[in-house]
Amino acid sequence: MNYILLILGFILLIKGADFFVDGSSSVAKLLKVPSIVIGLTVVAFGTSMPELSVSVTAAIRGNNDLAVSNVLGSNIFNLLVVLGCCSIIRPVEAKWSLLRKEFPFSIFITIILLFLDSDFSIIKILDGNKTFVLGRWAGILFLILFVIFLYATVKSALISRSDTAEEDYKVMSPLKSAVFIILGLAGIVWGGNLVVDSACNIAETFGLSQTFIGLTIVALGTSLPELVTSMVASSKGENDLAVGNVVGSNIFNILLILGISSAITPITLDVTAVYDTLILIVASIIVYISAISNHKIQRKEGMLFLIAYLAFFIYVLLR
């Protein structure tokens, strides 16, 4: 039965992402806002909902390894697999505004997370086994940064809308756009939940650890919306939406999801979380350098990203 639910989840994710991309792109054009802004906000939030649900639920139930590893694993998956697959379909272009603001900001907050994961001011060492706690102060800090990010993005959207007011677009009606977004979002969330639940049940039958499941299977399952949405967007020529979705989702995952999770209850972290955060920082910098070199991620770079993720997967499996 779990295998049937897994297949059903994939189908819902694919069709939901297709509807969601069409509806979101239409809304962007109706509002005369660039697709990249919609990707950084509406699409990023929608595709981050599975991570939010999984991590917050895990934090409430005390499954701290799953809450943190889900976010770290999802962000690494987004950077290496999602952008890697998108660039193989079609070289992914990145606008200068994204490379100048949002992408560096995502790296910046990941570095902050590294300090919060290690022996820093608002982190308290619990015992001699290098176990740390991501406390409520950290959650509050993340949520404050999240509000600042949203404010800056909305402000940029208003400016962009005035700059593109004279452009002519062919769009769906507002009602049809709303229906596409709602149906697409429902398919994404429901499909993501089905994939995660069934995959976890399958994995547990093989005796895999919670951290391994969080970094790989759950991270992959909750990142499937980003993967499918970005690949569909890339195949339709909406590269701004694809890149904006990945960067926006990574920002949402750290600031909103870890922010809410640690604000609800302090999250106990193992030292391996520090190593995974370091890997995420390195991956972010590599992808950023690739994107900024000529404002485009080429197919060969996408292949290297996928190979790098395979190496990370093997590292986690051996660990």
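This briefing describes the fold of one protein chain and then several of its residues. The model is predicted. The chain has 319 residues, of which 55% are buried, and its secondary structure comprises ten helices and four strands.

**Overall architecture**

- Followed along the sequence, the helices and strands occur in the order α-α-α-β-α-β-α-α-α-α-β-α-β-α.
- When contacts between residues at least 6 apart in sequence are considered, 84% of them join residues at least 24 apart.
- The exposed surface of the chain amounts to about 13800 Å². Carbon and sulfur atoms supply 69% of that area.

**Helix H10**

- Helix H10 covers residues 299-318 and contains 20 residues. Its span from first C-alpha to last is 29 Å, close to the expected 28 Å.
- The buried residues of H10 are Glu301, Gly302, Phe305, Tyr309, Phe312 and Val316. These residues lie on the same side of H10, because they cover an arc of only 100° around the axis.
- An α-helix has 3.6 residues a turn, so residues three or four places apart point the same way.
- Exposed residues are found on the face of H10 turned away from its buried side, namely Lys300, Leu304, Ile307 and Leu318.

**Asn253 in helix H8**

- Asn253 belongs to helix H8, which runs over residues 239-264.
- With a relative accessibility of 0%, Asn253 counts as buried.
- The side chain of Asn253 forms a polar contact of 2.7 Å with the side chain of Asn75.
- Beyond its neighbours within four places in sequence, Asn253 is in contact with Ser48, Glu51, Val71, Ser74, Asn75, Asn78 and Leu258.

**Ala219 in helix H7**

- Ala219 is located in helix H7, formed by residues 210-235.
- Ala219 is also classed as buried, at 0% relative accessibility.
- Although Ala219 and Asn75 are 144 residues apart in sequence, their C-alpha atoms are 8.2 Å apart in space.
- If residues up to four places away in sequence are not counted, Ala219 touches Asn70, Gly73, Ser74, Ile213 and Gly214.
- Ser74 is thus listed among the contacts of Asn253 and among those of Ala219.

**Thr277 in helix H9**

- Thr277 is part of helix H9, which consists of residues 272-294.
- The relative accessible area of Thr277 is 0%, and the residue is therefore buried.
- A polar atom of the Thr277 side chain lies 2.7 Å from the backbone oxygen of Ala273.

**Cysteines**

- The structure contains zero disulfides.
- For Cys85, the closest cysteine sulfur is that of Cys86, and the 7.0 Å between the two sulfurs is too far for a bond. A disulfide would require the two sulfur atoms to lie within 2.5 Å.
- Cys86 is likewise in no disulfide, since its nearest cysteine sulfur is that of Cys85, 7.0 Å away.
- Cys85 has a relative accessible area of 18% and is buried; the cut-off for this class is under 20%.
- Cys86 also counts as buried, with 0% relative accessibility.

How values were computed: Residues numbered from 1 in each chain as written. Predicted model: local features only at pLDDT ≥ 70, side-chain atom pairs only at ≥ 80, totals over all residues. Heavy atoms only, no water. Helix = DSSP H or I, 4+ residues; strand = E, 2+ residues; numbered from the N terminus. Buried < 20%, exposed > 50% of the residue type's maximum accessible area, 1.4 Å probe, protein only. Polar contact = N/O pair within 3.5 Å; in protein donor to acceptor, adjacent residues only side chain to side chain. Contact = heavy atoms within 4.5 Å. Areas by Shrake-Rupley, 256 points an atom, 1.4 Å probe, with all protein chains shown as cover. Expected span 1.5 Å × (residues − 1). Arc of directions from axis to C-beta.
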